[in-house]
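Please open the structure in your viewer and follow the stops below in order. Each stop says what to select and what to look for.

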Amino acid sequence: MVAIIDYDAGNIKSVEKAILYLGEEAVMTRDEDVIMRADRVILPGVGAFGDAMDKIREYDLERVIKAYVKTGKPFLGICLGLQLLFDESEESVGVKGLNLIPGSIRKIPDSDGLKIPQIGWNSININPSSRLFKGIKDGSFVYFVHSYYLSCEHPEDVAAKTFYSTEIHAAVEHDNIFACQFHPEKSGEVGLKILKNFIEM
Amino acid sequence: MLTKRIIPCLDVKDGRVVKGINFVDLRDAGDPVECGIAYDKAGADELVFLDITASSDRRNIVTDMVRRVAETVFIPFTVGGGIRTVEDFRAILREGADKISVNSAAIDDPTLISRAADKFGSQCVVVAIDARRRRVGKAADPSLSYSESIKMNDEWKPSDGWTIYKNGGRLDMGIDAIEWAKKCEELGAGEILLTSMDADGTKAGYDNELTRMVAENVGIPVIASGGAGTKEHFYDTLTYGKADAALAASLFHFKELEIREVKEHLQGRDVPVRL
C-alpha cells in the first residue's frame, strides 16, 4: 500500500490516480499509523514552500515523515515534495525545510527571453546507476512546472538533471529517499514507468 | 531543452466532444475520455477541455468528466468554460484537472485571478483571452453583424490593436488585449490562452502579430489559438509569433493533420519538440 501524504496540498488526486492505474493500492492520509504501516510513502505538493512547511508542522507530519524515512522503506517526494526535503528555499527565507538531504532550493535565474515558471516538457539526463529511472532512456521528456529549483550539495545524490536557464537537479536518490522536481504522474508513459519503478522497489 | 507544446482542444457539451466553428456551428466528435487517451498516444503535450454545457447541473457534468479523464490520461489537462468562482476551481482541481482556464468571469471580476492564484498557485490559473482586431472606419458601425464587419475591416493596421471579447466572443469589451494580458499576469495568471477571433476557424494561420505582441509583453507562457490549417502555421506561431505552445481543434479532430506530423515538421526546422 502506498500512503500519499495529505497536508492540504493541491493536485494530489492525480498522484493517487496514477498509482491506482498501476494496480497498486493508494491511500491519501495524514494519519501516523497509516503512514508508518505503508510499504511506500509519497509526499506530493504544489504551492509555496513556507505554507507547505507550516501545514506539515501543524499536522505534526515532520516527526512522522522523519520516523518513516528511518524505517528504510521507499519514500518519494514530487515537485514541492522534493523541495521540502531540503534545508531551505529562496522562496520562503527563514523557513526550515525537512533537511533530509543536503542541498538548497533557489529561484530559477532570469535569463533573456526565458519564462518563469518553467512550464512544459523538458529532457532529462539520467544517472545510469539510478534505481528510479531503471529502463528509462537518457534524454526522455518529463513535465515540469516550477519557479524554484534544487541544487544538491553532493553530486552523488543527483539521479537526473535538466537545463533551464541553469543546471537543475531534476531528481535525487539518497538511500531510501527518492524525489522528482517534475511530475511523473503527468509525464505520460515515461512518468508511469518511474512510478512503477518506485512501487516495485 | 524545454520544448514547444502542441495542444489539442476539445470543446465539450453535456459530456460529449463537439467543435465550434467560429463559436457557432457545432459538430459531434466523440467521448472526452476516448479522445484524451487517443491524443495522449498521438503525442499531444497536454489537453484543453472547454466546456460549453448550459444546463443547471453543469458543474456535476464537468466534475464527472474530469474525474473520468484523470483516471486514464496521465498528461496535463486544462478545463475551461463557465468557471466563475474559487469554489468552481476547487471542485474541478480536486477531481484531477491540472489547470483551470477562465475568460468572461475574469473580465467581470479580475480579482478571481488573484484569489485563485493565491489559493491554488499561479501554475493552475490560465486566462483565456478572445481577441479581435479593433474595427475601424465603416466596420466599427455597431449595427453590422460580426461577419459583415470582418469583410469591411480592411483599413486595420497593427497600431489599431486588438480588443477583448467575452461571452464566447459575442461581446466587445473595448479593452485592449495587450493591456489585459499584462494585467492578468500582474494578478497572478500562470499562462495566457490567446485566441484570435479573426483567425479562428479560417485555417489561414494564427494571428501572429497579435500572438507576438502579447508574448513580448508578458513573462508567462502564451498558447496561440485560432487559425491553424497547415504544419507551417504551427512553425510560424512558435517562431515569429513567439508562442510557447500552439492549440488546434478540428484540424486534429478530423485528422487533417496528425500531431506527430506537425512535431516532425517542427523538429526538422529546429523547433524543440517532444517526440
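How many residues does the contact take from chain B and from chain A? Select both chains of this predicted model and show the contact: 36 residues come from chain B and 23 residues from chain A.

**Stop 1: the area between the chains**

Keep both sides of the contact selected. Together, chain B and chain A bury about 2300 Å² between them, and carbon and sulfur atoms account for 58% of that area. Now pick B:Leu2, B:Phe74 and B:Gln123, which lose the most area to chain A in chain B. These three residues together make up 30% of what the chain B side buries.

**Stop 2: charges and polar contacts**

Select A:Lys115 and B:Asp244 next. A salt bridge links A:Lys115 to B:Asp244, with the closest N and O atoms 3.3 Å apart. The count of salt bridges between chain B and chain A is 2. For polar contacts between chain B and chain A, the count is 13 residue pairs, both residues being at pLDDT 80 or more.

Which helices of chain B each supply at least two residues of the side that touches chain A? Select helix 2 (58-72) and helix 3 (86-94) of chain B to see them. Helix 2 of chain B gives the largest share of that side, 4 residues. Colour the side of chain B that touches chain A by residue type, and the split is 18 nonpolar, 6 polar and 12 charged.

**Stop 3: chain B as a whole**

Hide chain A and switch chain B to a cartoon view. Chain B contains 11 helices and 12 strands. Its radius of gyration is 18 Å, close to the 19 Å that the globule rule gives for 275 residues, so chain B is as compact as a globular protein of that length. Turn chain B around: its C-alpha trace spans about 50 × 45 × 35 Å along the principal axes.

Of the 275 residues of chain B, 57% count as buried. Among contacts in chain B between residues at least 6 apart in sequence, 66% join residues at least 24 apart.

**Stop 4: one residue in a loop**

Go to B:Asp160, in the loop between helix 6 (146-152) and strand 8 (162-166) of chain B. Is B:Asp160 buried or exposed? B:Asp160 counts as buried because its relative accessibility is 18%, and buried means under 20%. Show the neighbours of B:Asp160 as sticks: leaving out residues up to four places away in sequence, B:Asp160 touches B:Arg134, B:Val136 and B:Glu155.

Key: Residues numbered from 1 in each chain as written. Chains lettered and ligands numbered in written order. Predicted model: local features only at pLDDT ≥ 70, side-chain atom pairs only at ≥ 80, totals over all residues. Heavy atoms only, no water. Contact = heavy atoms within 4.5 Å. Buried area = accessible area lost by both parts, 1.4 Å probe. Salt bridge = Lys/Arg side-chain N within 4 Å of Asp/Glu carboxyl O. Polar contact = N/O pair within 3.5 Å; in protein donor to acceptor, adjacent residues only side chain to side chain. Nonpolar A, V, L, I, M, F, W, Y, C, P; charged D, E, K, R; others polar. Rg over C-alpha atoms; globule rule 2.2 N^0.38 Å. Buried < 20%, exposed > 50% of the residue type's maximum accessible area, 1.4 Å probe, protein only.
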